[in-house]
Number of protein chains: 2
Amino acid sequence: MTAPLLVHFTAGDTGEWAVREARPVRGPALPTAPRLAVTEGAAPPPGRWNLRGVVSSLRYTTAAERAELAARQEGLGRPAARSAALIPIRKTSAWWALAQDERRAIMEERSRHNAVGMEYLPAVARRLHHARDLGEAWDFLTWFEYAPEDEGAFEELLRRLRASEEWEWVEAETELRLDRS
Amino acid sequence: MTAPLLVHFTAGDTGEWAVREARPVRGPALPTAPRLAVTEGAAPPPGRWNLRGVVSSLRYTTAAERAELAARQEGLGRPAARSAALIPIRKTSAWWALAQDERRAIMEERSRHNAVGMEYLPAVARRLHHARDLGEAWDFLTWFEYAPEDEGAFEELLRRLRASEEWEWVEAETELRLDRS
């Protein structure tokens with residue numbers, strides 16, 4: 001773990017990802033644009049909108065879970081992973097008022113967030129970006145990459161997470177679906 | 001819990017706090033200045049240096065600990081609390097590479113960070129500001145307020161925390177001591 005990595009997601013006319021669809025989930029869809037640029041630790045290109053998040057220390061994951069993740073997961077940028085999704089989420093203020101053990105109990109002991117995600121590894125790679133403390137309108141920006149033939153598995157993962165108790169604490173969510181091109 | 005509160009600590013010629021002393025702890029002292037301004041959720045005044053941190057959600061505190069804190073602690077700005085300290089801390093990259101349960105075990109089960117701090121409530125009021133994800137040079141900026149007659153108790157609190165296992169993971173620390181005037 002080096003310093004936290006600041007990542008910009010910029011919608012506009014440049015970037016390696018073509019925007020296939022902006023989907024509403026809970027609240028409106030993001031304003032669409034032809035392309036999305038993902039910029040790590042540098043100034044982003046100009047664009048129509050820009051979301052920022054930080055890849056930072058683990059907030060809920062235990063050492064045992066981390067070891068299992070490390071054994072199963074593959075990194076971003078795999079040549080076969082030509083599909084991606086950017087899913088910004090905001091949780092309720094009641095969620096953020098909970099203590100650490102209360103949030104962990106809802107998220108993992110009852111909703112099995114990590115355990116469910118683990119079932120889709122290594123097919124669906126994921127990176128979490130923390131945005132709340134940066135003053136952004138979203139709490140988290142989650143980035144997923146997978147091969148086009150794993151789209152069905154990815155949809156199933158989203159359905160299962162959204163049916164969990166944890167999602168009762170989500171007040172806004174939206175999706176951008178992308179293709180590497 | 002409302003939105004995270006961005007706080008600026010600005011050393012210069014303005015602000016309600018007079019700088020009594022800049023003390024080195026682990027690494028150099030901060031460059032000194034006559035006064036310190038604390039600005040919440042707004043643009044800071046110009047100054048010689050400025051540190052930023054966010055008052056955010058609880059990262060380690062359990063519901064039981066939070067209830068005990070709420071029963072004992074008093075807020076900032078008490079008229080009798082005319083002394084203050086700003087203590088920026090940076091932990092090692094090895095600390096940040098630990099999983100959540102490993103950090104919690106060192107911090108609370110073995111070092112009793114919250115439990116020790118609780119013994120000095122309500123005399124020594126404390127507010128934690130998270131700086132690491134903002135890209136600052138420090139991970140935390142802790143702010144303490146107490147009455148001048150509680151200075152001895154405050155020094156004892158610092159000695160006890162610095163003697164704990166958790167402090168083996170602190171790679172840099174510095175202090176600013178202040179008087180409200």
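A salt bridge here is a side-chain nitrogen of Lys or Arg within 4 Å of a carboxyl oxygen of Asp or Glu. By that criterion, a search of the whole structure finds 52 salt bridges over all chains. The model is predicted. Side chains of opposite charge can pair when their charged atoms come close. Several such pairs appear below, both between the chains and within them.

Start with the relation between the chains. Chain B falls on chain A after a rotation of 180°, with 0.0 Å of shift along the axis and an RMSD of 0.0 Å. The two copies are thus related as by a two-fold rotation axis. Which C-alpha of chain B is nearest the axis? That of Leu134(B), 3.3 Å from it.

Now the interface. On chain B, 26 residues are in contact with 26 residues of chain A. Every one of these positions recurs: 100% of the interface residues of chain B are also interface residues in chain A, so the copies meet through the same surface. The size of an interface is often given as the accessible area lost when the parts come together. Between chain B and chain A, the buried area is about 2,100 Å². Carbon and sulfur atoms give 46% of that area.

Polar pairing also runs across the interface. There are 14 residue pairs in polar contact between chain B and chain A, both partners being at pLDDT 80 or more. Which elements of chain B supply at least two residues each to the side that touches chain A? Helix H1 (63-72), helix H2 (93-97) and helix H3 (100-110) each do so. H3(B) gives the most, with 4 residues. By class, this side of chain B has 12 nonpolar, 7 polar and 7 charged residues.

Salt bridges between chain B and chain A number 4. One of the salt bridges in the structure joins the side chains of Asp133(A) and Arg59(B), at 2.6 Å from N to O.

Turn to chain A and the loop between strand E6 (125-130) and strand E7 (140-146), where Asp139(A) lies. Is Asp139(A) buried or exposed? Asp139(A) is buried, with a relative accessible area of 5%. Leaving out residues up to four places away in sequence, Asp139(A) touches Ile89(A), Arg90(A), Lys91(A), Trp96(A), His129(A), His130(A), Ala131(A) and Arg132(A).

The matching loop name in chain B leads to another charged pair. Arg52(B) forms a salt bridge with Glu136(B), the closest N and O atoms being 2.9 Å apart. This pair links distant parts of the chain, 84 residues apart. Arg52(B) sits in strand E4 (residues 49-55), and Glu136(B) in the loop between strand E6 (125-130) and strand E7 (140-146) of chain B. Arg52(B) is partly exposed, at 25% relative accessibility.

Helix H5 takes part in further pairs. In chain B, the side chains of Arg20(B) and Glu151(B) meet in a salt bridge, at 3.5 Å from N to O. Arg20(B) belongs to strand E2 (residues 17-26) and Glu151(B) to helix H5 (residues 151-162), so the pair ties together parts that are 131 residues apart in sequence. The two partners differ in burial: Arg20(B) is partly exposed at 36% relative accessibility, whereas Glu151(B) is buried at 17%.

In chain A, Glu119(A) forms a salt bridge with Arg160(A), with 2.9 Å between the closest N and O atoms. Glu119(A) is in helix H4 (residues 113-119) and Arg160(A) in helix H5 (residues 151-162), 41 residues apart. Glu119(A) is partly exposed at 48% relative accessibility. Arg160(A) is partly exposed too, at 34%.

Chain A also holds a network of salt bridges. Its linked residues are Arg20(A), Glu21(A), Arg23(A), Glu151(A), Glu155(A), Arg162(A), Glu173(A), Glu175(A), Arg177(A) and Asp179(A).

Finish with the backbone. Most residues other than glycine have a negative phi, and most peptide bonds are trans. The peptide bond from Leu121(A) to Pro122(A) is cis, with omega near 0°. Pro122(A) lies in the loop between H4 and E6 of chain A. In chain B, the bond from Leu121(B) to Pro122(B) is likewise cis, and Pro122(B) lies in the loop between helix H4 (113-119) and E6.

Arg112 stands out through phi. Arg112(A) is not a glycine, yet has a positive phi of about 55°. Arg112(A) is found in the loop between helix H3 (100-110) and H4 of chain A and is partly exposed, at 49% relative accessibility. Arg112(B) has a positive phi of about 50°. Arg112(B) is in the loop between H3 and H4 of chain B and is partly exposed, at 48%.

Note on methods
Residues numbered from 1 in each chain as written. Chains lettered and ligands numbered in written order. Predicted model: local features only at pLDDT ≥ 70, side-chain atom pairs only at ≥ 80, totals over all residues. Heavy atoms only, no water. Least-squares fit on C-alpha atoms with pLDDT ≥ 70 in both. Contact = heavy atoms within 4.5 Å. Buried area = accessible area lost by both parts, 1.4 Å probe. Polar contact = N/O pair within 3.5 Å; in protein donor to acceptor, adjacent residues only side chain to side chain. Nonpolar A, V, L, I, M, F, W, Y, C, P; charged D, E, K, R; others polar. Buried < 20%, exposed > 50% of the residue type's maximum accessible area, 1.4 Å probe, protein only.
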